[in-house]
Amino acid sequence: MNKIVFLPLDERPCTFDYPRYLANIATDINFVSVPKNLMGEYKKPGNIKEIDNFLLKECKDASIAIIAIDSLLYGGIVPSRLHYYDEDTLIKRLEILKEIKKINPGIKIFAYHLIMRCPSYSSDSEEPPYYALCGYQIHMLGKYEHLSSLSTLDEKMQKEYDSIKQFILDNDYQKYVDDYLNRRSLNTKMNLCSLSYVKEKIIDFLIVPQDDSAPYGYTAKDQIVIRKEINRLNIAFNALMYPDADGVGNTLLARAINYIKQANLKIYVRYNTCNNGNIIPNYEDRPVSESIKYQILAAGGFYTTNSSDADIILMVNLPLKNMGEARRLYDDLLHDGETDLNYTVGRNLVEYVEYIKYLTSINQCVAIADIAYANGGDLPLFNLLKEENLLFKVDSYAGWNTAANTLATCIPLAMISKLYGKNDAWYDFMGLRYLEDVGYMSYVRFKAFDYFKGQFDWGKIDGVENGIVSNYIKENLTKWAQDNLTSSSYQVQIIHNSQPWNRFFETKLIVKTIIK
């Protein structure tokens, strides 16, 4: 039995649990993850020394190691934005990968190392404290600096650029800008160091994901630096860079399994609108059609234009032009139903579902990438799938958070389902996807937030578990599951429900799907 050792990005369910749930479907894989108690919590970094010790011990007899380098260097994704480590310390920490290769020369190291994000809003929920004061301005400084370097600033932009610089000066915030940029610079140096490890064949395959990216700004400028280095080192086939963060562990797990099984799965992509994926999703920097190609390639598969030759049909749910947020969908459905023409006359959900129904009838492996909305699944699509009894006839579904996060869950799940079939672990993960991505992300969390509005903030509630908010959420999720995920042939039951990081944004669910 092949052993895969996993160092997650942090302790959240999407990064810590999802890869493990996917690995449970793969019955001939021994999946060993760094224990949760070593992973830190939220802004508290993980125990880097003990993580190193764990990796050195477990990698001795492993076939593949999947490594989140941000956890290796900084103790997690949020600590990577807060730390004050020096370059020498970080370089020494990265050398643990050389030690792993030394004790087990045959091991393959699949790693990922994020480009530090630059959110477009003022909040310190996942950034340094000063980001609440001037986060938006830092983001816009990066955008206008980038546009200025390209000589594309118009008069209106220049005026706003000057205004932001004056705001920074008047409020004595330059020290915060300097702190932020110094950390960005060091983190980018470490991205380049990881690329050198690819060149040395210490890292066999590297993904450089972009979290909350945009076409212009500090993240985009860092991307240019990293792309130049990839080209200079001639490692383009072993170092990919595209939008994502939280889903990369799933992608690399699929790549590891495809490598072990020597599988060459081909994926055909079918869109439900005439734009054929030519829209840039929220929080990303390129057309989704191009991101999909990267996601398939990174997971160890191949993009094909021949549907009859495909192992998997990826059905992509999109609007015609501009992507909306799941919150807007929730608000519309409370009143007159979906009203945006991008989602009504701009697409044909009935034809989309009819084709899915046809594909399942001929036993084709079908994956649904539900990326019509950012930060939640498409309730009207879910209702049609439920009506046609397709929820568990398809092989994969995801619809949470960003388009990249969804694709990085949907594609690996489809690949693993194709290779191993629909066992109990598969049914449990599919039940989780519908309950979390649609039931929570697009319905219950907004209902709960509105119910407690004025009493609790979006980013801070009254406890991870057994608070009045978490109990309200569990009660309403249980009812939603009873109403929407219970039929004569299946039932999704909630075993556990809590609120990681003490906020509304995500939920932790453990579910059991009973097939009758």
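This short talk covers the nonpolar cores and the cavities of the structure above. What we have is a predicted model, in which local features need pLDDT of at least 70 and side-chain atom pairs count only at pLDDT 80 or more, while totals for chains, interfaces and linings use all residues. Residues are numbered from 1 along each chain as its sequence is written, and side-chain values use heavy atoms, with hydrogens and water left out.

Let me begin with the cores, meaning sets of buried Ala, Val, Leu, Ile, Met, Phe, Trp, Tyr and Cys residues joined through side-chain atoms within 4.5 Å, where buried is under 20% relative accessible area with a 1.4 Å probe, protein chains only. The largest has 121 residues, and L314, L435 and F504 touch the most other members. Its largest share, 15 residues, comes from helix α16, residues 424-451, helices being DSSP runs of H or I of at least four residues, numbered from the N terminus. Apart from this core lies another, of 44 residues, including I100, M190, L206 and V208.

Turning to cavities, these are sets of points on a 1 Å grid over the protein atoms alone where a 1.4 Å probe fits but cannot get out, and lining residues have an atom within 4 Å of a point. There are six of 30 Å³ or more, and the largest has a volume of about 80 Å³, the space filled by probe spheres set on the points, which are joined across faces, edges and corners. Among the residues lining the largest cavity are R12, D246, W400 and E436, and α1 gives the largest share of that lining, three residues.

Terms used:
Buried < 20%, exposed > 50% of the residue type's maximum accessible area, 1.4 Å probe, protein only. Helix = DSSP H or I, 4+ residues; strand = E, 2+ residues; numbered from the N terminus. 1 Å grid on protein atoms, 1.4 Å probe; cavity = no way out; pocket = protein on both sides within 12 Å on 5 of 7 lines; lining within 4 Å.
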